[in-house]
Amino acid sequence: MRFWQKTLLVVLLLFILTLDVSVMMIMKKSWQLNMEREIQRASSEQALIANNIYENLNSIKSRGMSINDTVLLDVARSYADYYRQQGIALQLWDQGQLVYSDESDTKDMPVIRNEQADNETVHEVIITKELPTPYNHLFLTYRRDIEELYAKQAELNRYFVYINFIASPILIILLYILIRQLTKPLRLLSNTTKNIAGGNYGERVTLKNNDEFGELAQNYNRMAEAVECHVTELSAMAEAKQRIVDNLAHELRTPLTSMQGFAQYLNSANIGEEERMTASGYIWSETLRLKNLVFKLLDLSILSHQPVERTSVSVVDLFESVWRTEHNNLEMAGIKLVLQAEIDSVWGDRDLLASFLINCIENSIHASSEGSEIRFLAYEQNSTAVLEVRDFGRGMSAKQVELAFEPFYRVDNARSRVHGGAGLGLSLCRQIAEEHQATLFLESEEHIGTTIRINLQLHNNNLLTR
Amino acid sequence: MANILVVEDEKPISDLITMNLKLVGHQFFKAFNGMEMQVILEQEKVDLILLDVMLPGLDGFELMRRNRHLNVPVIFITAKDSLYDRITGFELGADDYIIKPFEILELLARINVVLRRNVQEHDGFIAEGVDVRLAARKIYKDGQLVDLTAREFELLEVLIQNRNIALSRDKLLELAWGYEFEGDTRTVDVHIRQLRKKLGWEERIKTICKLGYRLESEG
């Protein structure tokens, strides 16, 4: 059973029950009051008639006439005749003996104060009371028909049933409209939930109510937003992962294909000296490329498994070891490397930092044109040591900067491969920064240049705080 | 033989493919990206495109989409071997899909299949007075029709299509006899001997030590 159906049924039942019970109680009270009034009226009329008879008898007595049954009968009849017109029947009893009666079928004298007679067909008020002394051996019975009261009550009952028949359908319709209106936000929420569950994560509840439903809708939207955010994040991560796997496959398969193909070519083809040289040259260069890739991958893997050994590293030493590795490349490319050191040393792993700088400088060499320079800066900023490599080369677009740290991402495929790059340099740099708990900044603007900066500890901060 | 356009941004792979195409007597064009590919397609008559999927700029799928109207058969060469990529490739109308690393013989075999399917005229091969007409399956030596068995002809066809490349006896069995054939590799020797005798190609079909046989030609 639906919620609105339950609500409708329960409210309807409760309402009708309450209404009917109260109406019935009111009707019962009114019946009681009416009845009391009738009895009151009957008893006062009886008293009046009894008093009249008493006075009548007194005056007869004062005229010296004895009061016998005939006199009593006369008196009673004269009153009875008069009151019959008003629908009142009288009986006179003398010590239990009937003296006069309107009706022929009267048997025993009723009990002294019988207030109302209720049998199936006749409804009447009957009051029997003795006359004042000295006639207290005489009893006057007063009977009045109250059929009209019962008819009125029956009419009232019928009317009550009619009203029930008319009011209930109206109530049902009004309740239906009201409840459907009230549960509308629920249906809206339910539909939206269904849509979101169906994968439409951008869906929101459009509910502007200022009540609990509005609050629910707001919270619900907040939840949907969080879910959407996470789902987008997850799919972006899955995409990035897929890209990395694709790229790794590409990076491994391409040199392997060349090596295998050229080896086969050398082995089985009918070729001259020139082709032999080309083929073996490719096998050589592709082997180097694969070696480079494997070592970079190994570096990355070792980095994430080995703790770094931090010492105080002299900036000049660092510069010299970078220079030793790169001066051939720099000379070939016709690029100057300039050192600008404002601090003497930084706190870190010597080899890792050298590797970091070599990777950055190699990238810079590839990006720079002949005759330009690369600056290696070391300075203090907010009590951290900053190592910075700045070039004035081609730079990268914002989108390229965003992807730059992803493994195997290359800004320029063809050129980078010529240099034997594996596309892992910046991934390695990021890993090194993470191992040092250092922050890494990459700023770049196309045709202006690129700056990469790592914020390291100046000294061993742990020692200072201890 | 056929004009083949090789679109591949990796110079080693591009050279590997074209050097082998040259060996078996195909003409080739090299393109290292989509733009170069478009230029060549406009200027030259191309029978087949070997198309790398991961190219700088527009990728192979997109290039395929743009050149579908030319009705030039395409073989994708790629390192991406997910089912989704393969299906995308075939849905775009590729004739074949080769995954790196591939074997050169496999590549040549697939190229031949696609060419046979798409190019109506079959090429011939002429050397030392022997005229081999592959389409008609007829061989003339000094104007005289040479009688070859069906198996000998298959073997000759394989040797011609992979000329200048040494083929092992196993490979020859596989290519000329089919995968199911469970014969001795000496069967190959017998048939090669027959071919040499019938065509007078004692020197042309060379025995390569420890490898197999190679049909040699100058161009």
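These notebook entries record what I looked up in the structure, which is a predicted model.

**Entry 1. The sheet of chain B**

I began with the strand order in chain B. Five strands make up an open sheet, arranged 2-1-3-4-5, and their pairing is parallel. I then asked which strands of chain B stand at the edges. They are strand 2, residues 27–31, and strand 5, residues 96–99; each has a single partner strand, so one side of each lacks a neighbour in the sheet. On average, neighbouring strands of this sheet are turned by 20 degrees against each other, with direction ignored.

**Entry 2. Strands 4 and 5, and the helix on them**

I next examined strand 4 of chain B, which covers residues 74–78. Four bridges connect this strand to strand 5 of chain B, and the two run parallel. Within this region I noted that Ile77(B) lies opposite Ile98(B) of strand 5. I also looked for a helix that packs on the sheet, and recorded helix 4 of chain B, residues 83–91. Helix 4 touches strand 4 and strand 5 of chain B, and its direction makes about 150 degrees with that of strand 5.

**Entry 3. Aromatic pairs**

I searched the whole structure for aromatic pairs and found ten over all chains. One of them joins Tyr82(A) and Tyr83(A) edge-to-face, at 5.0 Å centre to centre and with 80 degrees between the planes. I checked the accessibility of both residues. Tyr82(A) has 48% relative accessibility and therefore counts as partly exposed. Tyr83(A) has 8% and so counts as buried, since the cut-off for buried is under 20%.

In chain B, I recorded an edge-to-face pair of Phe61(B) and Phe76(B), with 5.2 Å from centre to centre and 80 degrees between the planes. This pair links distant parts of the chain: Phe61(B) belongs to helix 3, residues 60–67, and Phe76(B) to strand 4, 15 residues apart. Are these two rings buried or exposed? Phe61(B) is buried at a relative accessible area of 8%, and Phe76(B) is buried at 0%.

I then followed the ring pairs further. They link Phe61(B) and Phe76(B) with Phe90(B) and Tyr97(B) into a cluster.

**Entry 4. A charge over a ring**

Last, I turned to chain A and asked which ring the charged end of Arg180(A) sits over. The ring is that of Trp4(A), and the charged end of Arg180(A) lies 4.8 Å from its centre.

How values were computed:
Residues are numbered from 1 along each chain as its sequence is written. Chains are lettered from A and ligands numbered from 1 in the order in which they are written. This is a predicted model: local features need pLDDT of at least 70, side-chain atom pairs count only at pLDDT 80 or more; totals for chains, interfaces and linings use all residues. Side-chain values use heavy atoms; hydrogens and water are left out. Two strands pair if DSSP finds at least two bridges between them. Axes are lines fitted to C-alpha atoms, for helices over the stretch in contact, and angles run from 0 to 180 degrees between N-to-C directions. Contact means heavy atoms within 4.5 Å. Rings of Phe, Tyr and Trp (its six-membered ring) pair if their centres lie within 6.5 Å; planes under 30 degrees apart count as stacked, over 60 as edge-to-face and the rest as tilted. Buried means under 20% relative accessible area, exposed over 50%, partly exposed in between (1.4 Å probe, protein chains only). A charge sits over a ring if NZ of Lys or CZ of Arg is within 6 Å of the ring centre and within 35 degrees of the ring normal.
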